[in-house]
Amino acid sequence: MAEHFDVLIIGAGLSGIGAAWRLQQERPGTSYAVLEARDAIGGTWDLFRYPGVRSDSDMFTLSYPFRPWQGDRSLASGESIRQYIQDTADEGGITPHIRFSARVVAADWSAGRWTVRLAGGETLTCRFLYACAGYYDYARGHQPDFAGLDDFTGRFVHPQSWPADLDHAGRRVVVIGSGATAVTLVPAMAETAAHVTMLQRSPSYLTVLPGRDVVADLLRRRLPARVAHKVARAKNIVLAQGFYQLARRRPERVKAILRRFAVRHLADPAYVDEHFTPAYQPWDQRLCVIPDGDLFAAINNGTASMVTDHIERFVPEGIRLRSGRTLEADIVVSATGLSLLPIGGVTLTVDGREVDPGKSVAYRGVMLSGVPNFAYCIGYTNASWTLRADLSHRYVCRLLAFMDKSGYVSATPKEGPGNRRPLLDLTSGYVQRALDRFPQQGDKDPWTVRQNYLLDVLTTPRADVRRDMTFTRSTAPVLEEIR
């Protein structure tokens, strides 16, 4: 007989460990296990190992609200974030509940429980299934089909599968891309490379932020750790949300602000207009952060440069551009984006019917229409992932408590009529390529997914868990018509 749990959590990254912590604190006695496909804790922060990998969200909002960030860097390295997640799991007694190398391939709902099948053939059962696997495809990143790539005589790598033996010291490097990964890689590699060229097809919006939060440092010297953390966290949330709202309401003003920042660092308006002035509006795509202006510093000292052009084809010595210029390279890094994968690639079936996530509708951004006793965790696109993730964890705990109190064995969101729109509201290529694979959202509560933490933190903890839900006691459904 398969081992049974009250809750199974998929993923031992930032979200999964946070979910387990909340479950233990708010529902002591609940049996659970965390199923992790890899052999280590950390999720994204264990997967990505390229030079300079770091967060572009401040750690006072990316860290857990229940465990203050004690590091000295607000924009922290990937390794320090991974260690923070590991330490949280160890401190919370979560690590013994994690099953490593346990990749979930399918989950079938029948007779009031989920049967979860692992890649090795093992099956487990649970009352409630919570997917905290993020939305990146860990197996592969996005890779365009470059003409002539086989002709290139240098080394070609993708950041998602960074070779441990790659030595770029003294080498000519071209980094293809304009997003957060490229912006991170270029200054990090430029420290020892002969030269690094960032080759972009079109620019992205960049902003400079300090690597250390001087206000938070002052607060931590004057206040207890938890109080200082809360104040720094609140300050950063308000500033980030305020800037986002300004960008959406007054895009021309924000464009001017970002351009002024870039000109201040590079002192060449024409260079800024060519390489740092996107065609889209601010926050149509995520804003890339430059800690302490490191990319601009590398450009100013000549160890890095920008090229905005299209690739015609690879040639033996490097990349030939549409303009006719050839970029010579010993190493080419294809920082061309990520591939997205809903629900960690798990195949869901409900009473024998396969669930197509792309045809489902998101309920409170936590559950799927027509899928019982199932939740998934997804963060904000305009703020730290953990802010929304923690609200989701707390909602799941509230739902489970309500079901227990009322004697219900299952809870299923039942979508009403209404218009649909994409779940993710970014125009970034990696998002647009996967829109049809992800759930949609509706046009009214509780079927909308807001990108507003300040509103969500007030409403989500008080949200009526009965609204638009069907509950069952054994076999008898109870439809709650709370509108």
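**Cavities, pocket and sheets of the predicted model**

By the grid rule applied here, two cavities of 30 Å³ or more are counted. On a 1 Å grid over the protein atoms alone, a cavity is a set of points where a 1.4 Å probe fits but cannot get out, whereas a pocket is an open set with protein on both sides within 12 Å along at least five of seven lines; lining residues have an atom within 4 Å of a point. Grid points are joined across faces, edges and corners, and a volume is the space filled by probe spheres set on the points. The model is predicted: local features need pLDDT of at least 70 and side-chain atom pairs count only at pLDDT 80 or more, while totals for chains, interfaces and linings use all residues. Residues are numbered from 1 along each chain as its sequence is written, and side-chain values use heavy atoms, with hydrogens and water left out.

The largest cavity has a volume of about 120 Å³. Its lining comprises 16 residues, of which G134, P342, I343, Y376 and F438 lie nearest the centre. By class, this lining holds 14 nonpolar, two polar and no charged residues; Ala, Val, Leu, Ile, Met, Phe, Trp, Tyr, Cys and Pro count as nonpolar, Asp, Glu, Lys and Arg as charged, and the others, Gly among them, as polar.

The second largest cavity encloses about 40 Å³ of space and is lined by V7, I9, A19, L23, Y130, H393, V396 and C397. Two or more of these residues come from each of β1 (3-10), α1 (14-26) and α11 (385-406). Helices (H or I, at least four residues) and strands (E, at least two) are DSSP runs, numbered from the N terminus. The greatest contribution to the lining of the second largest cavity is that of α11, with three residues. Seven residues of this lining are nonpolar, one is polar and none is charged.

Among the pockets, the second largest has a volume of about 720 Å³. It is lined by 30 residues, with D58, L209, N236, L239 and A240 nearest its centre. At least two lining residues are supplied by each of β10 (206-209), α7 (225-249) and α8 (251-266), and α7 gives the most, with eight. The lining of the second largest pocket divides into 16 nonpolar, eight polar and six charged residues.

Two of the helices that line this pocket, α7 and α8, also pack against each other: their axes come within 5 Å and cross at roughly 115°. Contact (heavy atoms within 4.5 Å) involves F243, L246, A247, R248 and R249 of α7 together with P251, R253, V254, I257 and L258 of α8. Of the residues in this contact, seven are nonpolar, none is polar and three are charged. Axes are lines fitted to C-alpha atoms, for helices over the stretch in contact, and angles run from 0 to 180 degrees between N-to-C directions.

An open sheet is formed by five strands with parallel pairing, in the order β7-β16-β8-β9-β12. Its edge strands, each paired on one side only, are β7 (155-157) and β12 (304-308). Neighbouring strands are turned by 20° against each other on average, direction ignored. Strands count as paired if DSSP finds at least two bridges between them. Between β7 and β16 (residues 331-334), the parallel pairing extends over three bridges, and F156 has V332 of β16 as its bridge partner. Helix α5 (residues 180-190) packs on this sheet, touching β8 (172-176), β9 (195-200), β12 and β16, and its direction makes about 165° with that of β9.

A further open sheet contains three strands in the order β13-β14-β15, with antiparallel pairing. Here the edge positions are taken by β13 (311-315) and β15 (326-328), each of which pairs on one side only. The twist averages 25° from one strand to the next. Strand β14 (residues 318-321) pairs with β15 in the antiparallel sense over three bridges, with T326 in β15 as the bridge partner of R320.

Strand β17 (residues 347-350) is joined by four bridges to β4 (residues 104-110), the two running parallel, and D108 stands opposite T349 of β17. Two bridges join β17 to β18 (residues 353-354) in an antiparallel arrangement, in which E354 of β18 is the bridge partner of T349. The strands β17 and β18 form a hairpin with two residues between them, and D351 in the turn has a positive phi of about 50°.
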